[in-house]
Every structure is written in C-alpha cells, then in structure tokens.
Amino acid sequence: MLWPWAVHWITAVLLCRAVALSSSDQCSWRGSGLSHESHRRDVEQVYLRCSQGSLEWLYPTGAIIVNLRPNMEPSSGHVGGFHACIKPQTYSQGSHVYLERAGELKLLLAEREQAKGMVHCFSLADGALFVEAVPQTDISRRITAFQYELVPSRGPGGHMYPYLHPGLDLCEPCSDEEVLMAMCTSDFAASGVFQDVAPGTDNHSQVRVTLSRLFRQKNKVFALGGTRGQSWSGLVNVPKQCRVHPGGDEYLLTGSVHFGEAWLGCAPHYKDFLKLYMRAQRTGTNPCQIDTD
C-alpha cells in the first residue's frame with residue numbers, strides 16, 4: 001500500500017539527485033537536517049557497507065534513504081540472503097522509519113516506539129530504510145539515532161542470531177565439533193561460573209558471571225575486577241527456556257556480542273571441554289590452539 005501523504009516523497013526518491021554526505025564512512029553516517037534546503041524535495045541517499053555501524057541524524061527535516069549492504073563484492077549481489085537489525089537509541093526521536101521498495105512504504109518503527117530501544121529486524125530483500133522526519137515547529141532537540149547489524153539469513157550466523165529467532169530453542173547441548181568451533185570463532189570465550197539470574201525480557205534472562213579465564217572477548221563486555229585483578233565479571237543473555245545453575249560448577253562460556261551485549265552460545269562443563277580439547281589436540285582435529293594452563 002502506498003501511503004497518500006508519502007506520494008511526494010516517493011516521487012522525489014525516483015528523481016533524487018546525489019547529495020554530499022555530511023559525515024560518513026563505510027560503516028556509519030552522521031548528518032544534519034539543517035543543511036537541507038526547505039524548498040528542495042530530493043531525498044538524500046546514504047550507503048553503508050559494513051556488518052555493523054550506526055546512523056545519527058541531527059535536527060531531522062525531509063527524508064533520507066539508508067541503503068544497507070554487506071561488505072562483499074558488488075558483483076555478488078546476494079543482499080536478499082541477509083537480514084538487518086536496527087536498535088534505536090533511547091533518546092531517538094523526530095522521525096518515522098519505513099521500509100521502501102518499488103515505491104511502497106511499510107512502517108517499521110514509529111517515532112513513539114524508539115524510546116523503548118527494542119531491536120527490529122527485516123530482510124534486505126524487503127527494501128531500503130526510508131527515514132522521514134516528523135514535522136515539528138521546534139527541531140532543536142530532535143535526533144534520530146540507531147545502530148544496525150547485518151547477519152546472514154541462513155547458516156550458523158542466522159540460526160544463532162537471537163533477534164531473528166527469539167522463540168527458537170537453543171538449549172540443546174552443542175556437539176563436540178560445535179564446541180571446538182565455538183571456542184575458536186565466538187565473539188567471547190572464557191571459563192567461569194554463573195552467579196545469579198537478573199530479570200530480562202519475555203524471551204531471555206540476564207545472568208551475571210564471574211570468569212577465571214578470559215581467552216577472548218569483543219567490545220570489552222566483561223570487566224576486569226577481583227582483589228588481585230585476576231577475574232572478570234559481566235552479564236550474559238540466556239534464552240528464557242534455558243536453565244542455568246548459579247554457583248558451583250565451572251563452565252566454558254562462549255557466545256556472540258550484539259549491540260554491545262553478550263549472548264550465550266555453547267557452554268559445556270569446563271572439565272568436559274578440557275578432555276575434548278586434549279583429545280582433539282592428540283588427533284590433530286582441533287581448529288585452533290589455546291593456552292589451557
């Protein structure tokens with residue numbers, strides 16, 4: 001359905017001219033509506049070609065189109081094989097966010113919903129993001145801002161991505177091969193214990209963990225602490241249906257980081273992982289080397 005009030009914007013999209021970006025790189029864009037001349041109806045095209053990044057539109061007026069693309073060869077053209085997820089900043093306001101494809105607009109995120117900071121996902125095959133400013137008499141305090149991530153729609157990346165499959169049962173134990181690959185390729189890998197479970201959402205809980213070994217982490221989601229600075233702590237998101245056992249046993253903790261938060265993946269008992277790793281090392285089937293001492 002084509003919204004009647006948006007006809008002039010869609011016409012502008014089809015006739016739009018290239019407009020110089022205010023401030024951008026391949027991953028993020030920052031611009032201002034103050035540079036947009038009020039009598040012009042062309043729509044600024046923004047192209048972002050990273051697996052993750054951000055957008056910040058100060059004093060939004062008019063509209064912009066945000067084209068998200070995976071960082072791959074242009075000739076491959078498989079954008080339909082990717083999903084994009086956006087997370088608005090809680091202070092974001094001043095615009096509605098739509099999906100635009102072939103002149104059709106579909107509301108993705110209304111202005112009033114952005115303060116919740118909830119993640120919204122869509123297939124890149126569904127179109128580009130059409131961000132339209134809400135008419136305001138005073139735009140001095142309006143900023144539209146969100147983060148984005150791209151993920152393959154199929155395969156291990158899409159299967160484990162929490163926002164694409166919020167109801168998926170990910171509590172089945174990982175196979176030996178999956179554990180070894182998780183140790184080598186996850187955004188974080190550590191050994192530690194579950195401390196306590198904090199309230200989360202309808203789909204997941206937040207569990208505080210204390211780590212005695214930190215093999216790898218992305219974005220510093222775990223902070224160094226302890227009396228001698230030899231342990232780390234932080235929060236890990238766990239699907240609601242998965243049971244954790246606070247205190248006691250030590251686990252290998254692996255997982256992914258999305259929008260600055262850790263999500264638990266494979267988590268066998270650490271002693272079981274050590275046996276598995278040593279056996280794989282003897283047979284030469286371990287995909288990477290780690291220091292287990």
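Let's start with an open sheet of 5 strands, ordered β3-β5-β10-β7-β8 and with mixed pairing. Strands here are DSSP runs of E with at least two residues, while helices are runs of H or I with at least four, both numbered from the N terminus. Two strands count as paired if DSSP finds at least two bridges between them. At the edges of the sheet sit β3 (44–48) and β8 (104–109), each of which pairs on one side only. Neighbouring strands of the sheet are turned by 30° against each other on average, with direction ignored; the axes behind such angles are lines fitted to C-alpha atoms, for helices over the stretch in contact, and angles run from 0 to 180 degrees between N-to-C directions.

Before going further, a word on what you are looking at: this is a predicted model, in which local features need pLDDT of at least 70 and side-chain atom pairs count only at pLDDT 80 or more, whereas totals for chains, interfaces and linings use all residues. Residues are numbered from 1 along each chain as its sequence is written, and side-chain values use heavy atoms, with hydrogens and water left out.

Now let's move into the sheet, to strand β10 (residues 128–133). Here 6 of the 6 residues are buried, so β10 is largely enclosed by the rest of the structure. Buried means under 20% relative accessible area, exposed means over 50%, and partly exposed is what lies in between, using a 1.4 Å probe and protein chains only. The side chains alternate: A128, F130 and E132 point one way from β10, and L129, V131 and A133 point the other way. Notice that E132 is among these buried residues.

What holds β10 in its place in the order? Strand β5 (residues 63–68) pairs with β10 in the antiparallel sense over 4 bridges, and V66 stands opposite L129 in β10. β7 is also antiparallel to β10, and 6 bridges join the two; here E100 stands opposite A128 in β10. Following β7 (residues 95–101) outwards, you find 5 bridges to β8, again antiparallel. In that pairing R101 stands opposite E104 in β8.

Stepping back to the whole chain, there are 4 helices and 17 strands. Buried residues make up 41% of the 293 residues. Among contacts between residues at least 6 apart in sequence, 67% join residues at least 24 apart, where a contact means heavy atoms within 4.5 Å. The chain exposes about 15800 Å², with carbon and sulfur atoms supplying 51% of it; accessible areas come from the Shrake-Rupley method with a 1.4 Å probe, and for residues only the protein chains shown count as cover.

Next, have a look at helix α3 (residues 176–185). Its buried residues are V179, L180, A182 and M183. They cover an arc of only 160° around the axis, which puts them on the same side of α3; the arc is that of the directions from the helix axis to the C-beta atoms. On the other side of α3, E177 and T185 are exposed. The buried residues of α3 pack against β12, β13 (204–216), β16 and α4.

Just beyond this helix, S186 has its place in the loop between α3 and β12. At 14% relative accessibility, S186 counts as buried. Leaving aside residues up to four places away in sequence, S186 touches M181, R216, T254 and G255.

Finally, the aromatic rings. A search of the whole structure finds 5 aromatic pairs. Rings of Phe, Tyr and Trp (its six-membered ring) pair if their centres lie within 6.5 Å; planes under 30 degrees apart count as stacked, over 60 as edge-to-face and the rest as tilted. F194 and Y251 form a tilted pair, 5.2 Å centre to centre with 50° between the planes. F194 lies in strand β12 (residues 188–198) and Y251 in strand β16 (residues 251–258), so the pair ties together parts that are 57 residues apart in sequence. F194 counts as buried at 3% relative accessibility, and Y251 is buried with a relative accessible area of 8%.

Another tilted pair joins F273 and Y277, at 6.0 Å centre to centre and 35° between the planes. These two are 4 residues apart in helix α4 (residues 270–283), so about one helical turn separates them. F273 is buried with a relative accessible area of 1%, and Y277 counts as buried at 3%. Ring pairs link Y270, F273 and Y277 into a cluster.
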